[in-house]
Amino acid sequence: MADNKAKNDSDAEMETSMPLPQVTESQKELASQAMSEFDKKQYGSCCSLMHKLIAQRPTDPKVAHNKAVAEFFQSGFLTTDEFRQQLSKVCQMAHVNIDNSESLEDVDHSVIYFNQAVILYHLRQYKAALNILDKLFQYIEPLEEALAKKATMLLVELYLCTYQPEKAMGMVHYAEKTVFTAGKNAGEKENKEDQVDEAWKPKISLYKTRCLLMMKSMKSCKREIKSLMSTQAMNTAVIYLKSNFEHLRGNHKKAMKMLGSVSTSDFTEAGECMPVMYNNNLGCIHFHLSKHHLGAFHFRKAFQENENAIKDIKRGAEHNKNLSGKTLNSIGMSRHFELLYNMGIQLLHCGKAMPAFDCLVEAVQVFRSNPRLWLRLAECCIMANRQNNDEDRKLEKRLEVIQGSDGSGIHRKLRLGPGLKKDNPSPGTPAIPAATHEFAALCLKNALHLLPEDPLTAEKVPIEDSDTVKITPEMVLVPAPPGNPLKAAEVASLRCSILAASAYVALCLNDYTLALLHAENLLKQPKLTGAQRYLGHLYMAEAQVAMDKIADAIQLLNPELVVDISLTLPENKTEQDKSERDPEASESKGYFYPWSPKDLTRAKAIAQYDLATAHAIRGEYDKAGQNLGESSSRIGTPLPAQMYFLKLYLDLIEGRRNMAQVVIKDHFGHVTPNRVEMKMNSKPGVPRPDTAVS
């Protein structure tokens with residue numbers, strides 16, 4: 001509540017058509033008593049005094065504002081709608097446009113704008129609140145000290161809520177040097193100032209830790225958390241920050257232990273639901289431990305707790321309309337969309353593409369600026385159309401090689417399948433969310449547009465701000481709500497994943513020119529994992545074959561070029577080896593999703609099969625047969641259905657009818673009931689049911 005209710009001297013002027021009457025001594029006394037009662041939290045007495053004062057000064061906007069604040073406190077922050085209406089009336093009296101922060105020109109109106117920003121913050125309208133406080137910060141010097149401190153802390157909180165940790169940290173450093181510096185007033189007030197600053201130190205330290213965690217500056221964060229644990233070890237916020245820190249370091253079991261030490265009270269002072277936070281954090285930890293089904297279980301519990309908490313609040317406010325009946329800090333309590341995001345990612349790793357798609361489609365409506373979320377949506381579409389790379393080894397796929405027979409006796413003919421690739425055109429426009437390759441292509445375009453300009457194509461000109469400080473690409477953080485911003489290394493890795501997925505989707509849509517463009521761009525990236533380079537060569541070769549550039553494709557498909565299919569960068573491997581020797585090492589974790597091919601031998605076999613296909617298209621059947629035989633002996637059993645297609649094609653086109661019959665008898669005997677006596681003394685390498693195709 002502003003402490004300048006009506007005690008301004010008589011020359012204070014308002015932007016009104018008629019000047020306000022001069023403040024009398026009795027009015028000053030009423031204002032002083034009301035302020036004293038407010039500080040004692042005697043809001044009933046304060047409201048009574050304010051009613052007397054407003055009766056004497058009905059056109060004074062400061063008195064009207066402070067009366068509205070006192071009544072809001074008296075209601076226990078339950079009358080949010082009424083308070084917003086009162087603020088609007090105050091703004092009309094003061095001729096202030098509260099919706100336009102640029103209209104703030106008088107320091108006396110700062111408290112009105114600050115209260116509006118507080119309301120917007122609790123309504124989770126962070127950008128609107130931030131616009132107000134950015135303007136208010138320009139008047140930070142002449143502001144009253146208490147209001148300046150509160151405005152600064154709220155500004156830091158808003159920067160964190162909008163995922164701008166570097167700005168939040170800068171504001172914290174500024175506040176430490178200026179706003180919260182002791183000894184601003186000389187003489188006898190110096191000791192009092194020191195006590196006030198000590199009271200703010202824990203909160204400042206908490207904000208520092210949150211900024212460092214969001215920026216993933218682990219060394220500095222470790223020092224700050226040690227300081228917090230030594231002074232506030234039993235504070236719930238500190239324990240959760242410590243758990244988050246251990247989680248980011250990879251010490252997941254320690255993070256779980258820290259979470260278990262917190263009492264499970266229903267709500268914190270800030271209005272956060274503890275059971276929701278607890279189960280959500282456990283779900284995240286189990287995700288990183290690759291226990292995806294257990295993580296999904298905890299996310300479901302978090303969903304239930306979130307819905308129960310919302311129902312309890314609505315039940316208490318069912319006789320009121322709009323926001324009234326809900327406490328101010330519980331209005332924005334729901335974490336529905338954040339939980340949807342987490343659940344969608346977890347279900348995707350569980351292999352449940354369609355439920356994951358439904359969750360992420362709803363979440364992307366709120367977190368549309370997250371490039372990683374758009375990639376995950378595209379991955380849901382890809383998985384919905386093809387579960388994994390081992391799908392072609394299944395029996396139902398192999399049965400599509402020979403679809404049946406017609407006729408009987410010597411006139412009996414076998415019907416070969418048309419192939420495994422089926423074009424399923426999307427019904428309607430790709431802009432309508434559906435688990436199709438067309439929508440996946442749209443998602444991947446959005447993901448690429450949200451990333452900074454590719455350094456391979458961007459002009460290397462340093463950007464300079466007003467302070468002539470050079471901003472390098474490594475300093476740029478890309479927002480990825482509801483998670484932490486992405487650093488430069490994470491952006492580079494994400495770009496490679498998006499390009500690989502884009503090339504694959506373009507191939508599925510028969511857009512070979514675009515697939516070739518994405519694959520070439522992928523292979524130009526400076527930091528590629530072995531698996532991404534391997535996929536880039538395969539996708540590029542397939543696009544070249546489709547565009548009749550077979551000679552170029554054959555060079556790319558040389559199996560000797562396949563030397564690495566790992567999913568991590570070499571420098572990350574060395575860091576992991578160091579951490580394993582560290583007593584505080586991060587726990588080793590497997591890949592989040594099983595990758596196929598699992599080893600280098602199978603990866604070479606797949607490349608060799610593609611090479612055999614390229615040779616067959618070019619008419620080099622001897623080379624195709626040789627590569628196919630070597631590939632089938634390496635790839636493992638059961639063989640993919642494509643190998644049977646190629647083997648039968650090569651045998652038939654070269655007139656090796658007997659060998660084709662042997663393959664059919666051995667592997668597709670169910671469609672050949674009329675068994676004809678055949679000489680099995682054919683050339684060595686004839687496939688048997690338990691052998692590879694030669």
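**Burial, packing and backbone in a predicted model**

Student: Why does Asn251 count as buried, and at what relative accessibility?

Tutor: The term buried means under 20% relative accessible area, whereas exposed means over 50% and partly exposed means in between, with a 1.4 Å probe and protein chains only. Asn251 counts as buried because its relative accessibility is 8%.

Student: What kind of model is this, and what pLDDT do its local features need?

Tutor: Residues are numbered from 1 along each chain as its sequence is written, and side-chain values use heavy atoms, with hydrogens and water left out. This is a predicted model in which totals for chains, interfaces and linings use all residues, side-chain atom pairs count only at pLDDT 80 or more, and local features need pLDDT of at least 70.

Student: Where in the chain does Asn251 lie, and which side chain does its own side chain join in a polar contact?

Tutor: Asn251 lies in the loop between helix H11 (236–249) and helix H12 (252–260), where helices (H or I, at least four residues) and strands (E, at least two) are DSSP runs numbered from the N terminus. A polar contact is a pair of N or O atoms within 3.5 Å; within protein, one must be able to donate a hydrogen and the other to accept it, and residues adjacent in sequence count only if both atoms are side-chain atoms. At 2.8 Å, such a contact joins the side chain of Asn251 to that of Glu246.

Student: How many helices and strands does the chain have, and what share of its residues is buried?

Tutor: The chain contains 28 helices and four strands. Among its 694 residues, the share that is buried comes to 45%.

Student: Which helix gives the most residues to the largest nonpolar core?

Tutor: A nonpolar core is a set of buried Ala, Val, Leu, Ile, Met, Phe, Trp, Tyr and Cys residues joined through side-chain atoms within 4.5 Å. The largest one has 82 residues, of which Met343, Phe357, Leu377, Leu444, Ile498, Tyr534 and Tyr539 touch the most other members. With 12 residues, the helix that gives the most to this core is H20 (residues 488–508).

Student: Which cysteine does Leu377 touch, and why does the sulfur of that cysteine form no bond with the closest cysteine sulfur?

Tutor: Taking contact as heavy atoms within 4.5 Å, and not counting residues up to four places away in sequence, Leu377 touches Phe357, Leu360, Val361, Val364 and Cys443. Cys443 itself counts as buried, because its relative accessibility is 0%. A disulfide is a pair of cysteine sulfur atoms within 2.5 Å, and by this rule the count comes to zero. The sulfur of Cys443 is too far for a bond because its closest cysteine sulfur, in Cys381, lies at 5.4 Å.

Student: In what sense do strands E1 and E2 pair, and which residue of E2 is the bridge partner of Asp406?

Tutor: Two strands pair if DSSP finds at least two bridges between them, and E1 (residues 402–406) and E2 (residues 413–416) do so over four bridges in the antiparallel sense. These strands form a hairpin with six residues between them, and in the turn Gly407 has a positive phi of about 80°. The bridge partner of Asp406 in E2 is Lys413.

Student: How many of the residues of helix H28 are buried, and which elements do they pack against?

Tutor: Helix H28 (residues 657–667) is mostly covered, with eight of its 11 residues buried. Among them are Val662, Val663 and Ile664, together with Lys665 and Asp666. The buried residues of H28 pack against E1, E2 and helix H27 (641–653).

Student: Which peptide bonds that end at Pro482 and Pro638 are cis, and what is omega near in the one that ends at Pro638?

Tutor: Most residues other than glycine have a negative phi, and most peptide bonds are trans. The bond from Pro481 to Pro482 is cis, with omega near 10°, and Pro482 is found in the loop between strand E4 (470–471) and H20. Pro638 is found in the loop between helix H26 (621–634) and H27. The bond from Thr637 to Pro638 is also cis, with omega near -5°.

Student: Where does Arg124 lie, and what is its phi near?

Tutor: Arg124 lies in the loop between helix H5 (110–122) and helix H6 (126–136). Arg124 is partly exposed because its relative accessible area is 28%. Its phi is positive, in a residue other than glycine, and is near 65°.
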